[in-house]
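User: I would like a close look at one part of this protein, its nonpolar interior, and then at what surrounds that part. Please take me through it carefully.

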Amino acid sequence: MTTLVSTPPDAAPPRPTLKTWLMAVRPKTLTAGAVPVLVGTALAYGNGVGRLLPALAALVGAVLIQIGTNFINDYYDFKKGADTEERLGPKRVTQSGLIAPGAVLMGGLGCFALATLVGLYLVSVGGWPIVAIGVASLLCGYAYTGGPFPLAYLGLGDLFVLIFFGIVAVTGTYYVQAGVVSPAAWWASVPVGAIGTCLIVVNNQRDASTDVKAGKRTMAVRFGQGFGRAEYVLLLVASYVTPFVLFARGYASAWVFLPLLSLPLVVPPLKLMLKAEGAALNPALGGTAKLQMVFGLLFAVGLYLR
């Protein structure tokens with residue numbers, strides 16, 4: 001029988017510290033929320049329509065939703081048995097007994113409440129489209145692992161990240177500053193969402209053996225390791241092809257090719273993805289996060305410069 005938590009049932013309630021809460025936040029993953037806002041804002045300023053306050057509010061709101069989603073993911077993966085002592089990735093605070101499950105869940109809902117407050121300002125700027133984006137983001141953030149139809153357990157986690165950490169985040173950030181969404185913003189969301197999805201692909205590839213025991217039907221569980229490797233490669237190809245499309249269609253200057261400087265960072269995680277399994281993929285996760293940050297920064301600069 002699988003053990004879900006290392007804390008004995010009669011043990012004293014855990015006393016979380018700032019360090020354990022920071023562990024629950026998963027700081028290394030926050031680039032997934034920050035990079036889309038950076039890219040959308042750089043494009044807006046490059047087109048002469050950037051606005052500082054809406055950009056900052058979008059950044060704070062996106063990061064709060066991501067932290068809230070991380071907390072709720074931590075809680076529900078423990079409750080559903082996906083996070084056990086067999087876990088291959090970094091320690092999770094609920095499964096390891098460092099923070100009580102109820103406190104982690106309340107932390108996630110609290111982050112969503114704060115994001116809603118920030119969203120009220122963005123609604124005053126952008127109107128009903130922001131209401132739709134905000135409500136959908138919060139509902140899907142919760143439903144990623146919570147609720148009766150958890151997206152990650154149905155194999156929809158990849159699509160969730162591509163849409164909300166790519167298309168919605170980039171175009172939404174641009175919209176709250178420009179009042180419209182330009183064709184360039186739609187195209188710019190492609191590599192941002194694609195590399196963000198690469199993180200989920202690596203994560204699911206690593207955890208496939210434990211996810212299948214918990215009934216978590218990720219893409220790697222449904223279609224196997226070969227599918228995950230092909231998906232990772234295709235997402236990278238889409239990311240590096242997009243700057244050529246932006247340039248060819250006249251939506252960006254030659255500076256948009258700056259992200260090509262990040263190509264050497266592709267090699268280490270790609271090599272691991274093509275041959276490694278299980279815990280050996282942890283460096284690939286860190287390498288992909290580094291690639292996301294560097295590609296995102298270069299892409300933002302390239303879109304800003306005209």
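How many residues does the largest nonpolar core have, and which of them have the most contacts inside it?

Analyst: This is a predicted model, and the description below should be read with that in mind. The largest nonpolar core has 36 residues, and those with the most contacts inside it are Val39, Phe299 and Leu303. Two or more residues are given to this core by each of helix 2 (31-46), helix 6 (157-178), helix 7 (183-206), helix 10 (225-248) and helix 12 (282-304). Of these elements, helix 7 provides the largest share, 10 residues.

Valine 39 shows how the parts of the chain come together here. When its neighbours within four places in sequence are left aside, valine 39 is in contact with Val170, Ala188, Val192, Gly296, Phe299, Ala300 and Leu303. Two of these partners, Phe299 and Leu303, are also named with valine 39 as the residues with the most contacts inside the core. Apart from this core lies another, of 24 residues, and Ala24, Val25, Leu64 and Cys111 are among its members.

The record gives a frame for these helices: in an unreviewed UniProt entry, the annotation "transmembrane region" covers residues 52-76, 97-121, 127-144, 151-172, 184-205, 226-246 and 284-305. In the model, the span 52-76 is 100% helix and 0% strand, with its end C-alpha atoms 36 Å apart. Residues 226-246 are likewise 100% helix and 0% strand, and there the end C-alpha atoms are 31 Å apart.

Charged side chains can be considered next, since the structure holds three salt bridges. In one of them, aspartate 74 pairs with arginine 26, the closest N and O atoms being 3.9 Å apart. Because aspartate 74 lies in helix 3 (residues 52-79) and arginine 26 in the loop between helix 1 (18-25) and helix 2, this pair ties together parts that are 48 residues apart in sequence. Aspartate 74 is buried, with a relative accessible area of 1%, and arginine 26 is buried as well, with a relative accessible area of 12%.

Helix 3 takes part in another salt bridge, in which the side chains of lysine 216 and aspartate 77 meet at 3.3 Å, N to O. Lysine 216 lies in the loop between helix 8 and helix 9 (219-223), whereas aspartate 77 belongs to helix 3, so the pair ties together parts that are 139 residues apart in sequence. Both lysine 216 and aspartate 77 are buried.

The remaining salt bridge joins arginine 206 to aspartate 207, with the closest N and O atoms 2.8 Å apart, and both of these residues are buried. Aspartate 207 has a further partner, for its backbone oxygen is reached by the side chain of threonine 210 at 3.0 Å. Threonine 210 is found in helix 8 (residues 208-213) and is buried, with a relative accessible area of 9%.

The cysteines complete the picture. A disulfide is a covalent bond between the sulfur atoms of two cysteines, and a search of the whole structure finds zero of them. Cysteine 111, named above as a member of the 24-residue core, is in no disulfide, and the nearest cysteine sulfur, that of cysteine 140, is 18 Å away. Cysteine 111 is nevertheless buried, with a relative accessible area of 11%, and cysteine 198 also counts as buried, at 0% relative accessibility.

How values were computed: Residues numbered from 1 in each chain as written. Predicted model: local features only at pLDDT ≥ 70, side-chain atom pairs only at ≥ 80, totals over all residues. Heavy atoms only, no water. UniProt positions renumbered as here; feature names shortened; annotations may be inferred. Helix = DSSP H or I, 4+ residues; strand = E, 2+ residues; numbered from the N terminus. Buried < 20%, exposed > 50% of the residue type's maximum accessible area, 1.4 Å probe, protein only. Polar contact = N/O pair within 3.5 Å; in protein donor to acceptor, adjacent residues only side chain to side chain. Core = buried A, V, L, I, M, F, W, Y, C linked by side-chain atoms within 4.5 Å. Contact = heavy atoms within 4.5 Å. Salt bridge = Lys/Arg side-chain N within 4 Å of Asp/Glu carboxyl O. Disulfide = S-S within 2.5 Å.
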